[in-house]
Amino acid sequence: MTKVIQSKDNRIFKACQKLQQKKYRDREGLYFIEGPNLIGEAPAADIEYIVISEERQSDYGEYLSGEQPVYLMAEHLFRRIAQTETSQGVAAAVKRCSWSWEQLSKLCGPGKNLVVLDRLQDPGNIGTIIRTAEGAGYSAVVAVKGTADIFSPKTIRAAAGTVFRIPIVQVGDNRELKALTDRLGKRLVVTSLFSDNYYFDTDISADTALVIGNEGSGVSEELAEMAHIRIKIPMEGRLESLNASVAAGILMYEMQRCRRAGKSSK
C-alpha cells in the first residue's frame with residue numbers, strides 16, 4: 001500500500017509548495033499542472049512525479065500502476081497545493097521542455113510563423129495566445145524578458161496543454177529577439193495606431209514574427225523601430241485598442257485566411 005504524506009515537513013509537499021513560485025520553477029526546471037486532462041496531455045517522460053489526494057485515490061488507479069513516481073497526500077495538505085477552487089484531486093510536477101537550435105530551425109523553417117509576447121502580464125491573455133497560436137498553425141512562441149511567467153499555474157491552465165506541443169523560447173531583450181528572428185528568416189510585424197496599413201491589406205501569411213505588446217503600453221518603442229511591418233486593426237467607436245488575446249487571435253487567423261485563399265486560387 002502506498003504511504004500517505006501526512007506532514008507539512010514532507011519533502012514532496014514542500015517541493016509542490018515551492019513550485020507555486022517562479023524562482024523555484026526557474027531553478028528546478030519544473031512547473032506544476034493540475035487535473036487529469038493536463039496530466040493526460042503531458043509527455044509521460046516529462047512528468048517528474050504525480051500527487052494524488054488521499055480521498056481521490058480510487059479515481060486514479062491507473063496512475064498508481066503507471067511508471068511515474070506517485071505520492072498520495074492527505075486531503076488537508078493537498079488543498080494547500082491545489083491551484084483551483086474545485087480541485088480534481090490530482091496534480092503533477094513536469095519538466096520544462098528545452099529546444100535545440102536544430103529542432104527550432106526545423107520546426108520554424110521557411111513559410112512558418114512565430115508569435116512574440118512583448119512584456120504581457122495577464123496569465124489569461126498569455127495562455128490564450130499560446131493556445132490560439134497552435135490552432136492558427138503558428139510554429140513557436142517567443143517571450144521577451146518582462147513577460148509574466150509562462151509556466152505559472154494560471155497560464156498553464158489557459159494554454160490548455162499547448163505548452164507540451166509548441167516550442168516556447170525566452171529571450172533576454174529586443175536585440176536577442178531580432179537576432180533570433182533574423183536567423184530564422186522572419187519579419188517582425190507589430191501593431192501601431194500610427195500605421196497606414198490595415199492588417200487585411202498586408203501579407204502576413206508567411207515568415208513573420210507577430211509581436212503582441214503589453215496590455216497597457218503596447219509594443220515597446222525600441223521593438224517598433226526594429227519592425228519590418230507595421231499594421232493596425234480598424235477600430236470603431238471610441239476604442240483605441242482591443243484585448244491583447246483578441247487582437248492576437250484576429251491577426252493569427254488572418255494568416256490562416258491568406259494561406260487558404262492562396263491555396264484555393266491555385
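The following exercises, each with a worked solution, concern a predicted model.

**Exercise 1. Overall make-up**

Task: State how many helices and strands the protein has, and what share of its residues is buried.

Solution.
- Step 1. The secondary structure comprises eleven helices and eleven strands.
- Step 2. The C-alpha trace spans about 65 × 40 × 30 Å along its principal axes.
- Step 3. The protein has 266 residues, and buried ones make up 48% of them.
- Step 4. Taking contacts between residues at least 6 apart in sequence, 78% join residues at least 24 apart.

**Exercise 2. The five-stranded sheet**

Task: Give the strand order of the open sheet of five strands and find which strands stand at its edges.

Solution.
- Step 1. The order across this open sheet is β1-β4-β3-β5-β2, and the pairing is mixed.
- Step 2. β1 (4–5) and β2 (30–34) each have a single partner strand, so these two stand at the edges, and one side of each is left without a neighbour in the sheet.
- Step 3. Begin with the partner of β2: five bridges join β2 to β5 (residues 90–95), and the two strands run antiparallel. Within this pairing, Y31 has V94 in β5 as its bridge partner.
- Step 4. Next, β5 and β3 pair in the antiparallel sense, again over five bridges. Here V51 stands opposite A91 of β5.
- Step 5. β3 and β4 run parallel and are joined by four bridges. S53 has M73 in β4 as its bridge partner.
- Step 6. The mixed pairing of the sheet can thus be seen in the antiparallel pair β3 and β5 and the parallel pair β3 and β4.

**Exercise 3. Covering of β3**

Task: Determine how many residues of β3 are buried, and which helix lies across this strand.

Solution.
- Step 1. Six of the seven residues in β3 are buried, which leaves the strand mostly covered.
- Step 2. Helix α1 (residues 11–18) lies across β1, β2, β3 (47–53) and β4 (70–73).
- Step 3. The helix runs at about 105° to β3.

**Exercise 4. Nonpolar cores**

Task: Name the residues that touch the most other members of the largest nonpolar core, and the helix that gives the most to it.

Solution.
- Step 1. The largest nonpolar core has 51 residues; I33, I50, I130, I150, V163 and M252 touch the most other members.
- Step 2. Helix α11 (residues 244–264) gives the most to this core, contributing six residues.
- Step 3. Apart from this core lies another, of 21 residues, including A140, V144, V211 and M226.
- Step 4. Take I150 as an example of a residue in the largest core. Leaving aside neighbours within four places in sequence, I150 contacts L117, I126, I130, A143, T155, I156, V163 and I168.
- Step 5. As background, nonpolar side chains in soluble globular proteins tend to be buried together.

**Exercise 5. Aromatic rings**

Task: Classify the ring pairs Y60 with Y63 and Y198 with F200, and decide whether their residues are buried or partly exposed.

Solution.
- Step 1. The count of aromatic pairs comes to five.
- Step 2. The ring centres of Y60 and Y63 are 5.7 Å apart and the planes stand at 25°, so this pair is stacked. The cut-off for stacking is planes under 30 degrees apart.
- Step 3. Y60 has 6% relative accessibility and counts as buried; Y63, at 12%, also counts as buried.
- Step 4. The ring centres of Y198 and F200 lie 5.4 Å apart with planes at 25°, so this pair is stacked too.
- Step 5. Y198 is partly exposed at 31% relative accessibility, and F200 is partly exposed at 39%.
- Step 6. Y198 and F200 form one aromatic cluster with Y199.
- Step 7. A further ring, that of W101, has R183 over its face, at 3.8 Å from the ring centre.

**Exercise 6. Surroundings of D118**

Task: Place D118 in the secondary structure, decide whether it is buried or exposed, and list its contacts.

Solution.
- Step 1. D118 belongs to strand β6 (residues 114–118).
- Step 2. Its relative accessibility is 0%; buried means under 20%, so D118 counts as buried.
- Step 3. Beyond neighbours within four places in sequence, D118 contacts V144, T147, V211, I212, G213, N214, G218, V219, S220 and L223.
- Step 4. Two of these contacts, V144 and V211, are among the members of the core of 21 residues.

Terms used: Residues numbered from 1 in each chain as written. Predicted model: local features only at pLDDT ≥ 70, side-chain atom pairs only at ≥ 80, totals over all residues. Heavy atoms only, no water. Pairing = 2+ DSSP bridges. Contact = heavy atoms within 4.5 Å. Axes fitted to C-alpha atoms, helices over the stretch in contact; angles between N-to-C directions. Core = buried A, V, L, I, M, F, W, Y, C linked by side-chain atoms within 4.5 Å. Buried < 20%, exposed > 50% of the residue type's maximum accessible area, 1.4 Å probe, protein only. Phe/Tyr/Trp six-rings, centres within 6.5 Å; stacked < 30°, edge-to-face > 60°. Lys NZ or Arg CZ within 6 Å of the ring centre and 35° of its normal.
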